[in-house]
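Me: I've got a structure open and I'd like to learn how to read it. Can we go through a few features together?

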Amino acid sequence: MMRYLNVKNVLCVTTLAFILISSSSYAQDKNIPKALYAAAGIPDSLKEDANSVIRYKMKDITVNGPDDISVYEHSVVTVLNEKGNDEAEAVLQYSKKYNSIGSFEMRIYNAEGNLVKKYHKSDMYDRSAVSGSIVTDERLMMISHNIATYPSTIEIISETKYRSSMNIESWYIQSAEQSVQDAYCHIAIKTGSGFRYLNRNIRVKPQATTDNKTDSYLWHVSNLKAIKLEEGARSWRVLPRIYFAANQFEFYGLDGDFSSWDSFGKWIQGLNADVCTLGPQRAEEIRTMTAGIKTDKEKVKFLYEYMQQSMRYVSISLGIGGMKPFAADFVDKQKYGDCKALSNYMYALLKAVGIPSNYAIINSGANAEPAEPGFARNSFDHVILCVPLKGDTTWLECTSSTQACGKLGPFTENRRALLITETGGKLVNTPKSSAADNQLNSEVQIVLNADGGAKARVKISSTGEYRDDYLGIATLKADDQKEYLIRMLNIKQPTVFEYNPLTDKDGVKEVALDIEYDKFCDVKAGNKQFYRPRAIDIWGNTLPVAENRKSDYYFNQPMLKNCTTIITLPESFEVEALPANQSLKFTYGSFDVNYVYDTTKNQVISTSKFVLTNHVIPAAKYTEMQQYMDNIAKAQNKKLVIRKKA
């Protein structure tokens, strides 16, 4: 998918209404009052929680036709501290076939508003937009200024031209911890284009006018205070923005209709129609491969794993290939493809054996913003496959060589995908995982010695997102594995640490850790020793107090963690005090830990369990969750006390 990268679109002004109204071209106004370049003019109310202040921001979009869009941007932003340094960076994305950078200029001013540095387009660094296993037409022009003193003011003026209207740029009004003195957005578009806009986290309305068959819309916001994102919040739920779309669009010479999700789905279906079938001979080979498999579900699993083992992921985004997948026959021969190509290839494999499936486009990333049912636009960046088996719809993540069949994970679960059917597009919800889908189960054997040292053997089995974690850990160097696991499991710094990858079968990954400590005992006092009664923590998070929480808190997924720990005491020691058993409850979860002393074996056996049933915690429940996590930390800090036998 093609995206316009953040160019720090910052453009606005205080008392410029008269300039905007009097000018026939919004984009060409440069008569900005000098006071806006001096930091002294910033109201105190706009400095609170702000790393930068948008003094003036104008985004001017002119849609001359489905294949002709120009975007002019002019911004004046005062940077208050080093956390706002990214305002002195400009990143412009372009493609020779898709869009081009016209003009660019960046000017740097000191606190008094005096010009100290100027950059032009010729000073920018030009590079590919991506690296690694990706082939693309897209490139970046970049420049960065090192701010020496604060406050400093950054002025950026740029113009970009697009030869497609599939994506009309959105208006991202402010970033986190950034206030706005004045900001404008203007759009001019041909009357009858079916222009639409959607407000997010703001209620501002445009001034709308029509002149010479052109519709114009002007938005203005002023004196917006900085927004500091609360921990665990999602920016798309908080920061103000306005999305734009037109019903008619053009992409690389192909006309399309965005008036509904159904019509956009028809365009995708037509785009893929000539690339989604294997040749007759290859299709017959696939049927022969699966002839002995009885059920459709088993065939799906077999072909999915065959695809995972046979193909590798390479992102291809050349020309129309930014939207259209490579032909299934090409992928079959070359053994590689991107998300579009691999999903389309899997579609063709299933088609060869008579199992229908649906290409599905989706927005990716944990807790990513979902598509809006009533506002069709190209907000997607990924493709997966849906197999509507009778009574058991199965979703396939075709870019992963390790994902279990039928499991999506946080990257694409629990959001709306556009299902591409023979008759058009249909928004459907992808499945939501349960706590049982994301398990981390551990068995720990700890043998203490009389000097306070210990040896521990930890065996872990993981599913879902935790399985992905351990598959990723296996690719790290030994030192990095050790550092990551010590931090993730809150392991006391060991003397010896060995990581042993075990099996990965049927969606369950197993690993083992062998750990030794010269000093596992926390405190020695006379004939007593005090220990943390475990080698790993099943939960280590605590959260800050927030009395008036405004935003929902997001985890990546629901989860279930279990741990059984057996501590064998030295022969000459016995238990003096066990930690207290705990049973803690929370609206969306629970934590339980129980301790037993087996005198015959001189062992302490503990079982602990943590459950999170819902990964989105409403703001109203934050305080309850915060106190619950504090109580878990206190419960895990209780000590096991042993003493020498009389």
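What follows is a short conversation about strands, rings, empty space and backbone angles.

Reply: Happy to. Keep in mind from the start that this is a predicted model.

Me: Let's begin with strands. Which strands does β4 pair with, and in what sense?

Reply: The general idea is that strands of a sheet pair through backbone hydrogen bonds, either parallel or antiparallel. Here, β4 (residues 99-109) pairs with β9 (residues 152-162) in the antiparallel sense, over nine bridges. If you want a spot to zoom in on, I108 has I154 of β9 as its bridge partner. β4 also runs antiparallel to β5 (residues 115-120), with five bridges joining the two. There, look for R107 and its partner K118.

Me: What sits between β4 and β5?

Reply: Those two strands make a hairpin with five residues between them, and G113 in that hairpin takes a positive phi near 90°.

Me: Is β4 mostly covered or mostly open to the outside?

Reply: Mostly covered: eight of its eleven residues are buried.

Me: What's the strand order in the open sheet that contains β15?

Reply: Three strands make up that sheet, in the order β10-β15-β12, with antiparallel pairing. β10 (171-172) and β12 (196-200) are the edge strands, each pairing on one side only. Between β12 and β15 (residues 241-245) there are five bridges, and R196 stands opposite A245 of β15.

Me: On to aromatic rings. How many aromatic pairs are there?

Reply: The structure holds 25 of them. Take Y37 and Y109: their ring centres are 4.5 Å apart and the planes sit at 50°, so the pair is tilted. Y37 is in the loop between α1 (17-22) and β1 (52-65), while Y109 is in β4, so the pair ties together parts that are 72 residues apart in sequence.

Me: Are Y37 and Y109 buried or exposed?

Reply: The cut-off for buried is under 20% relative accessible area. Y37 has 9%, so Y37 is buried. Y109 also comes out at 9%, so Y109 counts as buried too.

Me: What does an edge-to-face pair look like here?

Reply: Try F330 and Y336, with 5.9 Å centre to centre and 90° between the planes. F330 has 31% relative accessibility, so F330 counts as partly exposed. There's also an aromatic cluster to find, and W539, Y553, F586 and Y628 are among its members.

Me: Now empty space. How many cavities of 30 Å³ or more are there?

Reply: In general, rolling a probe the size of a water molecule over the atoms shows where empty space is left. For this model the count is two cavities of 30 Å³ or more. The largest holds about 130 Å³ of space.

Me: What lines the largest cavity?

Reply: It has 15 lining residues, and R534, V593, Y595, S608 and Q636 lie nearest its centre. By class, the lining has eight nonpolar, five polar and two charged residues. β33 (559-568), β36 (589-598), β37 (603-612) and α9 (622-636) each supply at least two residues of that lining.

Me: Where does S608 sit, and what does S608 contact?

Reply: S608 belongs to strand β37. With 15% relative accessibility, S608 counts as buried. Leaving aside neighbours within four places in sequence, the contacts of S608 include K561, D592 and V593.

Me: Last topic: backbone angles. What should I look out for?

Reply: Most residues other than glycine have a negative phi, and most peptide bonds are trans. For the peptide bond, go to Y150 and P151: the bond from Y150 to P151 is cis, with omega near -5°. P151 lies in the loop between β8 (139-144) and β9.

Me: And where do E177 and N414 lie?

Reply: E177 is in the loop between β10 and β11 (178-190), and its phi is positive, near 60°. N414 is in the loop between β23 (392-396) and β24 (416-420), again with a positive phi near 60°. As for accessibility, E177 is partly exposed at 21%, and N414 is partly exposed at 35%.

Conventions
Residues numbered from 1 in each chain as written. Predicted model: local features only at pLDDT ≥ 70, side-chain atom pairs only at ≥ 80, totals over all residues. Heavy atoms only, no water. Buried < 20%, exposed > 50% of the residue type's maximum accessible area, 1.4 Å probe, protein only. Helix = DSSP H or I, 4+ residues; strand = E, 2+ residues; numbered from the N terminus. Pairing = 2+ DSSP bridges. 1 Å grid on protein atoms, 1.4 Å probe; cavity = no way out; pocket = protein on both sides within 12 Å on 5 of 7 lines; lining within 4 Å. Points joined across faces, edges and corners; volume = space filled by probe spheres on them. Nonpolar A, V, L, I, M, F, W, Y, C, P; charged D, E, K, R; others polar. Contact = heavy atoms within 4.5 Å. Phe/Tyr/Trp six-rings, centres within 6.5 Å; stacked < 30°, edge-to-face > 60°.
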